[in-house]
2 protein chains.
Amino acid sequence: MSMERTEIGDLGEFGLIEHLTRNIEIQNVSTILGVGDDAAVIDHYGKQTIVTTDLLIEGVHFDLAYTPLKHLGYKSVVVNLSDVYAMNATPTQITVSVGISNRFSLEAIDEFYEGVYAACNKYGVDLVGGDTASSQKGFIISVTAIGEVAPDMFVKRSTAKNGDLLCVSGNLGSAYVGLLFLEREKKIFMESPGVQPDLEGESFVIGKLLKPEARKDIVEFFEEKEITPTAMLDVSDGLSSEILHLCKDSSLGCVLYEEKIPIAEEMKKAAYKFEIDPTACALSGGEDYELLFTIAQADHDKLVLNEQISVIGYMTDADQGANILTKGGGKHKITAQGWNHMG
Amino acid sequence: MSMERTEIGDLGEFGLIEHLTRNIEIQNVSTILGVGDDAAVIDHYGKQTIVTTDLLIEGVHFDLAYTPLKHLGYKSVVVNLSDVYAMNATPTQITVSVGISNRFSLEAIDEFYEGVYAACNKYGVDLVGGDTASSQKGFIISVTAIGEVAPDMFVKRSTAKNGDLLCVSGNLGSAYVGLLFLEREKKIFMESPGVQPDLEGESFVIGKLLKPEARKDIVEFFEEKEITPTAMLDVSDGLSSEILHLCKDSSLGCVLYEEKIPIAEEMKKAAYKFEIDPTACALSGGEDYELLFTIAQADHDKLVLNEQISVIGYMTDADQGANILTKGGGKHKITAQGWNHMG
């Protein structure tokens, strides 16, 4: 935290926007006109444009008690880019709008934007617009991501085929366990403010929660290996919930092998500290931002050399339903227990 | 207001989105994929893409005490489309995200979306995405509009030339006077809840506030008459403030004739009821969503037949500053007194 405090009201809205956007360097030739006019102008000649948007509200989607503003800025961008990658597309521009109550100083907003710009640099996207508003309560973030894809090369979630392999990138459940740690430490802190947080050794799961990455590498791997997934979506609400979306939208069933679900060693150890089942965390925990996708069996050999991709099952007829085969040999219906912010 | 009340929590987030988007009919061939996947896909081959976004927060940008939700939905879309037209472009798609506290029923949200869809139909744009979130307090709206423009035919606010004519569409100041009426009636209602509002005869100014329109007709007129404005922006913060933006960004000064500022008879009468100067309302009142633009003098004759366009002044060297010539023959510096939500 900076020691200075500049009141945002002193700058006015236009002053604030100028301040926040003063160092922008355009990274994409498609960005014809960025911040500073009524709208941005983008040139995607010969490509199709992708659009996705998210609204994040303090107290609902994030808790500033344990979320550094810089991480929040980074994550707010990444979760939108993840949706663009989940279309098999490349993000190129974003807009970021913030609603800010007067409890936030300019230095605090700068920290948030440091995270926004760090994500822009990492993923090669341009911030081309946005809005700033005062909010009566709490911090509100709205991000829209724009991307591009070669004509008709985008991948929907409704086009998986019977017999396709079900695959997922990375590993699952860590962000959820990270959240459990942070919620526990917050509770202890609220009860005994003098106690230092005990997060020793949990940087892996906490990092997965606070600073997730979008799977740019997977989409680049698809292009390099000339793989077109038959269907794809990102895992924001937990594996179970996303698999059920995939099955419903593609009018299929599936078989998921519990033992194939990728779980990191660090997450397993952390889950045991809470005496919870790592598989349950992977199935029901949210905010992993991995890619869940299906490929034709003929493409299986192309995946072998990428240890970031796990084949976790296959698609079946709809009337067989969505099932998980457990390590013990049992067969169960998959049920949605993902995070549901509206619930 | 409907008599039924359905709790939004009963539907869950996915159920709510399905409900709100169940009747969408795609209007643009460029809309390849709309609501229902990770992102939307848009095809603007051979054109440039326009993006603009706004964040609207209850208690800051609107007051539900006198804003019907249907009007709010309509206006939330229109203010974004206005930014697209201000680039000399045509809006084609929007995304709409809402944050809703549990004081809102499903029927209330439906009213809001009725307004959103009414604006989509009127302006021929497709709703292609969005997000729904619960909010701890108040109603939050984030709209992003996408548009298209022929290559390099977009119009910035920074490209006016010395000697260009300064023009504005429609008439100015009515929305501000409408707001004064509604604020007065709200105050009376708060003090004496039994008293019926006295808005007799003020439907013009109140309509301008609650249900503004974007100037699609002006951009179509430009195309028909082969006029390319040298600079353009929309009037959201009051004429003074927007003229100063235009001058600053174009590095010019200007002369504005007070007597040329277009003011509706209805607005003039309404302003007199509050004993305020109609010109002051036009200069400083916000939310008119008219287009302010400059054209080369050579194009003047092309404007003559459009009574929706007023020539209100001309651009000068920067060192002459931005001046208003009053009806009484005085000359004053233009100062920004536009609405500033951050102030």
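How is chain B laid on chain A, by what turn and with what shift along the axis?

1. Relation of the chains. This is a predicted model. A turn of 180° with a shift of 0.0 Å along the axis lays chain B on chain A, and the RMSD is 0.0 Å. The two copies are thus related as by a two-fold rotation axis. In chain B, the C-alpha nearest this axis belongs to Tyr45(B), at 2.6 Å from it.

2. Contact between the chains. Of the interface residues of chain B, 100% are also interface residues in chain A, so the copies meet through the same surface.

3. A sheet built from both chains. Six strands form an open sheet in the order E5(A)-E4(A)-E6(A)-E3(A)-E2(B)-E1(B), and the pairing is mixed. Its edge strands are E5 of chain A and strand E1 (31–33) of chain B, each of which pairs on one side only. Neighbouring strands here are turned against each other by 20° on average, direction ignored.

4. Strand E4 and its two partners. Strand E4 (residues 90–100) of chain A pairs with E5(A) in the parallel sense over eight bridges. With strand E6 (residues 140–149) of chain A, E4(A) pairs in the antiparallel sense over nine bridges. Val96(A) shows both pairings: its bridge partner in E5(A) is Gly130(A), and in E6(A) it stands opposite Val143(A). Ser97(A) stands opposite Asp131(A) in E5(A). In a regular strand the side chains alternate between the two faces of the sheet.

5. Burial of E4 and E5. Eleven of the eleven residues of E4(A) are buried, and the strand is mostly covered. Is an edge position matched by burial or by exposure in E5(A), and how many of its residues are buried? Strand E5 (residues 126–134) of chain A has nine of its nine residues buried, so it is largely enclosed by the rest of the structure. This holds although E5(A) is an edge strand of the six-stranded sheet.

6. Helix across the six-stranded sheet. Helix H2 (residues 69–85) of chain A lies across strand E3 (48–57), E4 and E6 of chain A. It runs at about 35° to E6(A).

7. A second sheet, in chain A. Seven strands form an open sheet with mixed pairing, in the order E8-E10-E7-E11-E9-E12-E13. Strands E8 (231–235) and E13 (331–333) of chain A stand at the edges with a single partner strand each, so one side of each is left without a neighbour in the sheet. From one strand to the next the twist averages 25°. At the E13 end, strand E12 (residues 322–325) of chain A pairs with E13(A) in the antiparallel sense over three bridges. Within that pair, Lys331(A) in E13(A) is the bridge partner of Leu325(A).

8. Helix across the seven-stranded sheet. Helix H7 (residues 239–250) of chain A lies across E8, strand E9 (253–257), strand E10 (290–295) and E12 of chain A. Its direction is at about 155° to E8(A).

9. The two sides of H6 in chain B. Which residues of helix H6 (residues 216–224) of chain B are buried? They are Ile218(B), Val219(B) and Phe222(B). Seen down the axis of H6(B), these buried residues fall within an arc of 95°, so they line one face of the helix. An α-helix has 3.6 residues a turn, so residues three or four places apart point the same way. The buried residues of H6(B) pack against helix H2 (69–85), strand E7 (165–169) and strand E10 (290–295) of chain B. The face turned away from the buried side carries the exposed residues Glu220(B) and Glu224(B). After H6(B) comes Glu226(B), whose phi is positive, near 55°.

10. Glu220 of chain B. This residue lies in helix H6 of chain B. Glu220(B) has 12 C-beta neighbours inside 10 Å and therefore counts as exposed. Its C-alpha atom is separated by 27 Å from that of Cys254(B), with the two residues 34 apart along the chain.

11. The nonpolar core. The largest nonpolar core has 206 residues. Those with the most contacts inside it are Ile50(A), Met87(A), Ile243(A), Ile50(B) and Met87(B). Leaving out residues up to four places away in sequence, Ile50(B) touches residues of both chains: Ala39(A) and Val41(A), and in chain B Val84(B), Met87(B), Ala89(B), Ile146(B), Gly147(B), Glu148(B), Val149(B) and Phe154(B).

Conventions
Residues are numbered from 1 along each chain as its sequence is written. Chains are lettered from A and ligands numbered from 1 in the order in which they are written. This is a predicted model: local features need pLDDT of at least 70, side-chain atom pairs count only at pLDDT 80 or more; totals for chains, interfaces and linings use all residues. Two strands pair if DSSP finds at least two bridges between them. Helices (H or I, at least four residues) and strands (E, at least two) are DSSP runs, numbered from the N terminus. Axes are lines fitted to C-alpha atoms, for helices over the stretch in contact, and angles run from 0 to 180 degrees between N-to-C directions. Two residues are in contact if their C-beta atoms, placed from the backbone, lie within 7 Å. A residue is buried if 20 or more other C-beta atoms lie within 10 Å of its own, exposed if 12 or fewer, and partly exposed in between; C-beta atoms are placed from the backbone. The arc is that of the directions from the helix axis to the C-beta atoms. Copies are superposed by least squares on the C-alpha atoms of residues with pLDDT of at least 70 in both. A nonpolar core is a set of buried Ala, Val, Leu, Ile, Met, Phe, Trp, Tyr and Cys residues joined through C-beta atoms within 7 Å.
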